[in-house]
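Work through the three exercises below with the model open beside you, and try each task before reading its solution.

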Amino acid sequence: MSTTAVEAPASQVPTTDGDADFESLARRVDDAAAALEGLDESSRAVADEVKAAVEAIHRAGLVTIVQRLRSDDAARAVLFELVDDPVVHMLLSLHGIVRPDPMTHANRVLVTVRPQLQSHGGDVVLVRIEDGTAFVRLDGACNGCSMSSVTLRNLVESALVEGVPSITGVEVLPNEPSPTLIPLESLRIGPDPASEGWVKVGPTASLPDDDLTTLSLSSASGDLVDIIVVNAGRRLSAYRNECAHEGLPLDNAVLDIANGTLTCPWHGFCYDATSGECLSAPGAQLEQVPLRVDSGDVWVRVGT
Ligand code: FES
């Protein structure tokens with residue numbers, strides 16, 4: 001039989017400290033389980049058998065203890081108290097003697113899909129469970145309008161419905177956008193527009209309906225400023241050409257006129273097309289650039 005030496009992680013070193021906290025105990029279990037992955041197949045089979053044999057003894061003893069405590073009126077109260085202790089609860093639920101409460105169970109399930117969500121710039125928060133429905137908030141790319149965001153939402157839904165028996169459906173709660181304000185004085189065009197940072201884009205007719213236009217404009221100081229102008233149902237808005245997620249350009253963003261949204265092509269962050277408010281990540285937004293229409297010409301203020 002071949003063997004592979006695997007060094008025990010620091011958290012696996014046996015301790016005589018009976019006061020170890022829940023986190024370090026759980027980490028020790030995780031580290032030990034991860035170390036098993038480093039063994040060759042036959043060694044892992046032996047280790048798994050040892051683990052299963054020890055767990056079977058523990059389970060049998062725990063079942064006896066729980067049954068005896070439950071059968072005694074006075075002891076039952078102690079049992080219920082013990083079950084509230086996080087370590088005891090973890091131990092009993094690991095052995096299938098108590099069922100974790102649905103919130104705990106659902107959060108454990110979400111931990112398994114979170115790395116996949118986060119690798120795509122998304123995340124999920126479980127808000128509550130009511131009558132078999134899990135209410136969640138989705139952040140980042142999970143909450144966009146793209147195909148990838150739909151896939152991520154489906155991933156969350158199937159993980160919860162398949163992983164938690166008491167959950168039969170999932171509802172996504174809306175994220176509240178906050179308003180964008182541009183000071184009124186920044187929209188006035190004085191007698192010398194260039195000195196105030198205004199640049200003429202051109203006649204309104206040069207901006208195609210229901211489309212976005214990318215522009216590279218020179219500010220008064222000579223700096224080039226990349227912007228996009230969104231024409232959504234003849235409502236014009238201008239933004240810096242940088243997604244709020246990773247600052248990547250929005251040249252190929254998808255403008256959805258029916259829903260009034262603009263979706264970044266890179267990771268699916270979804271924005272309100274006319275305010276730049278990010279609907280995927282609360283608090284994020286496109287940097288709006290002041291825009292005015294004066295005598296049929298469109299002006300944007302890109303700075304002095
Ligand atoms: S969503 Fe990532 S850069 Fe736009």
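The exercises that follow concern a helix, a pocket and a strand of this predicted model.

**Exercise 1.** Compare the expected span of helix 5 with the distance between its end C-alpha atoms, and then examine its course and its buried residues.

*Solution.* Helix 5 covers residues 102–119, and at 1.5 Å a residue its 18 residues should span 26 Å, which agrees with end C-alpha atoms that are 26 Å apart. Along the way the helix bends by about 45° at valine 113, with proline 115 following within four residues. The buried residues of helix 5 include Val109, Val113 and Leu117; in general, residues three or four places apart in an α-helix point the same way, because there are 3.6 residues a turn. After helix 5 comes glycine 121, whose phi is positive, near 80°.

**Exercise 2.** Which helix gives the most to the lining of the second largest pocket?

*Solution.* The pocket has a volume of about 280 Å³. Helix 1 (22–36) and helix 4 (86–94) each supply at least two lining residues, and helix 1 gives the most, with six. Sorted by class, the lining holds five nonpolar, no polar and four charged residues, with Phe22, Glu23, Met90 and Arg108 among them.

**Exercise 3.** Why is strand 13 described as largely enclosed by the rest of the structure?

*Solution.* Four of the five residues of strand 13 (residues 297–301) are buried, so the description follows from that count. Strand 13 pairs in the antiparallel sense with strand 4 over five bridges, where tryptophan 198 has arginine 301 as its bridge partner. Strand 12 also runs antiparallel to strand 13, joined by four bridges, and arginine 292 stands opposite tryptophan 299.

Conventions: Residues are numbered from 1 along each chain as its sequence is written. This is a predicted model: local features need pLDDT of at least 70, side-chain atom pairs count only at pLDDT 80 or more; totals for chains, interfaces and linings use all residues. Side-chain values use heavy atoms; hydrogens and water are left out. The expected span of a helix is 1.5 Å times one less than its number of residues. The bend at a residue is the angle between axes fitted to the seven residues ending there and the seven starting there. Buried means under 20% relative accessible area, exposed over 50%, partly exposed in between (1.4 Å probe, protein chains only). On a 1 Å grid over the protein atoms alone, a cavity is a set of points where a 1.4 Å probe fits but cannot get out, and a pocket is an open set with protein on both sides within 12 Å along at least five of seven lines; lining residues have an atom within 4 Å of a point. Grid points are joined across faces, edges and corners, and a volume is the space filled by probe spheres set on the points. Ala, Val, Leu, Ile, Met, Phe, Trp, Tyr, Cys and Pro count as nonpolar, Asp, Glu, Lys and Arg as charged, and the others, Gly among them, as polar. Two strands pair if DSSP finds at least two bridges between them.
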